[in-house]
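Ready for a few warm-up exercises on a protein chain? Have a look at the sequence and the model, try each task yourself, and then read the solution below it.

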Amino acid sequence: MANYAIGDVQGCFLELKGLLDLINFDPSHDRLWFVGDLINRGPDSLRTIEFIYEIKDSCHVVLGNHDMHFLAIADGLRKPFKKDTLNELLESKNLNQYKKWLKGQSLLYYEDIQCQEGNKTYLMSHAGIPPHWSWQEALEAANEIKEALNDENLYSEYLMNIYGNLPNQTHPGLNRIERMRLNTNYLTRMRFCKIDGELELDTKGISSNEPEGFKAWFKHPLKIERENLHLIFGHWAALGGKTDNEKITAIDTGCVWGYKLSAYRLEDSKVFSYDRITK
Ligand SMILES: [Mn+2]
């Protein structure tokens, strides 16, 4: 049995199947940790969701910005962007069941894994963990969002208000909706920030291409850091899987952009990749 963290699939269904063949994935023994952005922009969001739903009992999934965006469109809270490739999925007869399943997923997942080097706690989120968050603050932020996704009275208001880059930092005057937008941005869209968590969401390049005064979130000392903690995130394809930190793994290797889909085996840190088929 092995656990594999898998990067942003974004509807690259054939590459997902190819990667799972490469690692000899066996749903009765192995576990897949999907880092979010299962769908959108790529060619086959419908078959990707159909397949992952079928093997969902062997998967841990955290939601990415594209998964949240899909929920907002599916529930009529937003209009699709021109680049979105969600139509087939939106027309699926099983749409309600896929929505319900996605709403049941969190923005954080963690588990202790017995590794070759001993026990490690793996913590996965789509974009990362901002430097100023403690373990407790990270869990509280993710829990509040999960509750909103599953609260009829809050769901629409929450999801139609996740869009936008402001507020870009925490302060005591934020109301609940503003705080949840900020926390959603930390967990699903963050790349560059300051050590106090001030976000800069416009810049997309490589980590050395930092906007003035900001750094890639994982280049700061992280308050959440502790013995045997290992972070896994996706979202940032331009990193090409590199953070220069052996306790922080970037697993989005840009399949949807013509590069490759990657899997990181938690037990021995071995990385497997499958090249994009159609470019
Ligand atoms: Mn993303």
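## Exercise 1: A pair of strands

Strand β11 (residues 260-265) and strand β12 (residues 271-275) run antiparallel, joined by five bridges. By the way, this is a predicted model.

Task: find which residue of β12 is the bridge partner of Lys260, and which residue in the hairpin of β11 and β12 takes a positive phi.

Solution:
- Start at Lys260 and look across to β12: the bridge partner there is Asp275.
- Now go to the turn. The hairpin has five residues between the strands.
- Check phi in that hairpin: Ser269 takes a positive value, near 60 degrees.

## Exercise 2: Two open sheets

Task: work out the order of the strands in the open sheet of four strands, and do the same for the open sheet of three.

Solution:
- Take the four strands to begin with. Their order is β4-β5-β9-β10, and the pairing is mixed.
- Look for strands that pair on one side only: these are the edge strands, β4 (109-115) and β10 (248-250).
- How are neighbours set against each other? On average, neighbouring strands of this sheet are turned by 25 degrees, direction ignored.
- Zoom in on one pair: β4 and β5 (residues 118-124) run antiparallel and are joined by seven bridges. Here Tyr109 stands opposite Met124 in β5.
- Now the three strands. They come in the order β7-β6-β8, with antiparallel pairing.
- The edges of this sheet are β7 (199-200) and β8 (215-216), each pairing on one side only.
- Between β6 (residues 192-193) and β7 there are two bridges, in the antiparallel sense. Phe192 has Glu200 in β7 as its bridge partner.

A handy background point: strands of a sheet pair through backbone hydrogen bonds, either parallel or antiparallel.

## Exercise 3: One face of a helix

Task: check whether the span of helix α6 (residues 135-149) fits its 15 residues, then find where its buried residues lie around the axis.

Solution:
- At 1.5 Å a residue, the 15 residues of α6 should span 21 Å. The end C-alpha atoms are 22 Å apart, which agrees.
- Next, list the buried residues of α6: Ala138, Ala141, Ala142, Ile145 and Ala148.
- Look down the axis of α6. The buried residues fall within an arc of 125 degrees, so they line one face of the helix.
- The spacing rule behind such patterns is simple: an α-helix has 3.6 residues a turn, so residues three or four places apart point the same way.
- What covers those buried residues? The cover includes α7 (152-160) and α8 (176-188).

Now try it on helix α1 (residues 13-22).
- Its buried residues are Phe13, Glu15, Leu16, Leu19 and Leu20.
- These cover an arc of only 160 degrees around the axis, which puts them on the same side of α1.
- The buried residues of α1 pack against α2 (45-54), β11 and β12.
- Just past the helix, α1 is followed by Asn24, whose phi is positive, near 50 degrees.

## Exercise 4: Backbone oddities in loops

Task: say what is unusual about the backbone at Arg41, Asp244 and the bond from Leu166 to Pro167.

Solution:
- Recall the usual case: most residues other than glycine have a negative phi, and most peptide bonds are trans.
- Arg41 is not a glycine, yet its phi is positive, about 75 degrees. Arg41 sits in the loop between β2 (31-34) and α2.
- Buried, partly exposed or exposed? With 18 C-beta neighbours inside 10 Å, Arg41 counts as partly exposed.
- Asp244 also has a positive phi, near 60 degrees, and is in the loop between β9 (229-233) and β10. With 11 other C-beta atoms within 10 Å, Asp244 is exposed.
- The peptide bond from Leu166 to Pro167 is cis, with omega near -5 degrees. Pro167 belongs to the loop between α7 and α8.

## Exercise 5: The whole chain

Task: decide how compact the chain of 279 residues is.

Solution:
- Count the elements: the chain has eight helices and twelve strands.
- The radius of gyration is 18 Å, close to the 19 Å from the globule rule for 279 residues, so the chain is as compact as a globular protein of that length.
- The C-alpha atoms fill a box of roughly 50 × 45 × 30 Å along the principal axes.
- Of the 279 residues, 41% count as buried.

Methods:
Residues numbered from 1 in each chain as written. Predicted model: local features only at pLDDT ≥ 70, side-chain atom pairs only at ≥ 80, totals over all residues. Pairing = 2+ DSSP bridges. Axes fitted to C-alpha atoms, helices over the stretch in contact; angles between N-to-C directions. Rg over C-alpha atoms; globule rule 2.2 N^0.38 Å. Buried ≥ 20, exposed ≤ 12 C-beta atoms within 10 Å, placed from the backbone. Expected span 1.5 Å × (residues − 1). Arc of directions from axis to C-beta. Contact = placed C-beta atoms within 7 Å.
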